[in-house]
Amino acid sequence: MPIRKSPVELPAIAGIGLRSAQLPDVASRRPDIGWLEINARSLMNDSTVARTLESIRPDYPVALHDLGLSLSTRGRASPAHMAHLAATCARFEPAMVSGVLSGGRGDRFQRPDGITARRDDDAIKAVCENI
């Protein structure tokens, strides 16, 4: 899959890691924040969080952080999870998408184990194959 450049770039100023509970306050006050990073999983449905972020999205560049890619686990990523992530990216047009090097896979959606990736040849091979 070709890498597509985002139409929006993150400015070279501080952004915040936005939690769902903070979103209503940011939406009502519209503080002077460089950009927002939000967990992609909280946007993977038509939740209040997703609709609120959509309403302020024109005012802030967005970076999505996904905890469920499980890049250090061998095997193909969950097609359902990847489809949801792709749809979330299409909806919010993030300037950047990031993930953690953790393991763990479920049948339908990725379930990260929260453990940092192993540092051995097998883990490095898995990361390279998954990326």
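Here a colleague questions a modeller about a predicted model of one protein chain.

The model is predicted: local features need pLDDT of at least 70, side-chain atom pairs count only at pLDDT 80 or more, and totals for chains, interfaces and linings use all residues. Residues are numbered from 1 along each chain as its sequence is written, and side-chain values use heavy atoms, with hydrogens and water left out.

Colleague: What pattern does the protein chain follow along the sequence?
Modeller: Helices (H or I, at least four residues) and strands (E, at least two) are DSSP runs, numbered from the N terminus. The protein chain has 4 helices and 4 strands. Read along the sequence, the pattern is β-α-β-α-β-α-β-α.

Colleague: In what order do the strands form the sheet?
Modeller: Two strands pair if DSSP finds at least two bridges between them. Strands 1 and 2 are joined by 2 bridges, and strands 2 and 3 by 4 bridges. Strand 3 (residues 62-66) pairs with strand 4 over 4 bridges. The sheet is open, its pairing is parallel, and the order is 1-2-3-4.

Colleague: Which strands stand at the edges?
Modeller: An edge strand here has a single partner strand, so one side of it is left without a neighbour in the sheet. That holds for strand 1 (16-17) and strand 4 (96-99).

Colleague: Which residue stands opposite Ala63 in strand 4?
Modeller: Strand 3 and strand 4 pair in the parallel sense. Opposite Ala63 stands Met96.

Colleague: Which residues of strand 2 point to the buried face?
Modeller: In a regular strand the side chains alternate between the two faces of the sheet. Buried means under 20% relative accessible area, exposed over 50%, partly exposed in between (1.4 Å probe, protein chains only). Along strand 2 (residues 36-39), Glu37 and Asn39 point to one face and are not buried. The buried residues on the other face are Leu36 and Ile38.

Colleague: Which residues stand opposite Leu36 and Ile38?
Modeller: Strand 2 runs parallel to strand 1 and to strand 3. Opposite Leu36 stands Ile16. Opposite Ile38, in strand 3, stands Leu64.

Colleague: What is the handedness of the crossover from strand 2 to strand 3?
Modeller: A crossover is right-handed if, with the strands pointing away from the viewer, the path from the first strand over the helix to the second runs clockwise. From strand 1 the chain passes through helix 1 (residues 23-29) to strand 2, in a right-handed β-α-β crossover. From strand 2 the chain passes through helix 2 (residues 48-56) to strand 3, and this crossover is right-handed.

Colleague: Which element gives the most to the largest nonpolar core?
Modeller: A nonpolar core is a set of buried Ala, Val, Leu, Ile, Met, Phe, Trp, Tyr and Cys residues joined through side-chain atoms within 4.5 Å. Of the 22 residues in the largest one, Leu36, Ile38, Leu43, Leu53, Ile56 and Leu64 touch the most other members. Helix 1, strand 2, helix 2, strand 3 and helix 3 (79-92) each supply at least two residues. The most, 4 residues, comes from helix 2.

Colleague: Which residues of strand 4 does Leu64 contact?
Modeller: Contact means heavy atoms within 4.5 Å. Neighbours within four places in sequence are left aside. Contacts of Leu64 include Ile38, Leu43, Thr88 and Pro94. Strand 4 spans 96-99, and the contacts of Leu64 there are Met96, Val97 and Ser98.

Colleague: Why do the buried residues of helix 4 lie on the same side?
Modeller: Ala123, Ala126 and Val127 are buried in helix 4 (residues 121-130). The face turned away carries the exposed residues Asp121, Cys128 and Glu129. The arc is that of the directions from the helix axis to the C-beta atoms. The buried residues share a side because they cover an arc of only 100 degrees.

Colleague: What is the phi of Arg30?
Modeller: Most residues other than glycine have a negative phi. Arg30 lies in the loop between helix 1 and strand 2. At 36% relative accessibility, Arg30 is partly exposed. Its phi is positive, at about 50 degrees.

Colleague: Pro94 is in the loop between helix 3 and strand 4; is Pro94 buried or exposed?
Modeller: Glu93, found in that loop, is partly exposed, with a relative accessible area of 40%. For Pro94 the relative accessible area is 10%. Pro94 is therefore buried.
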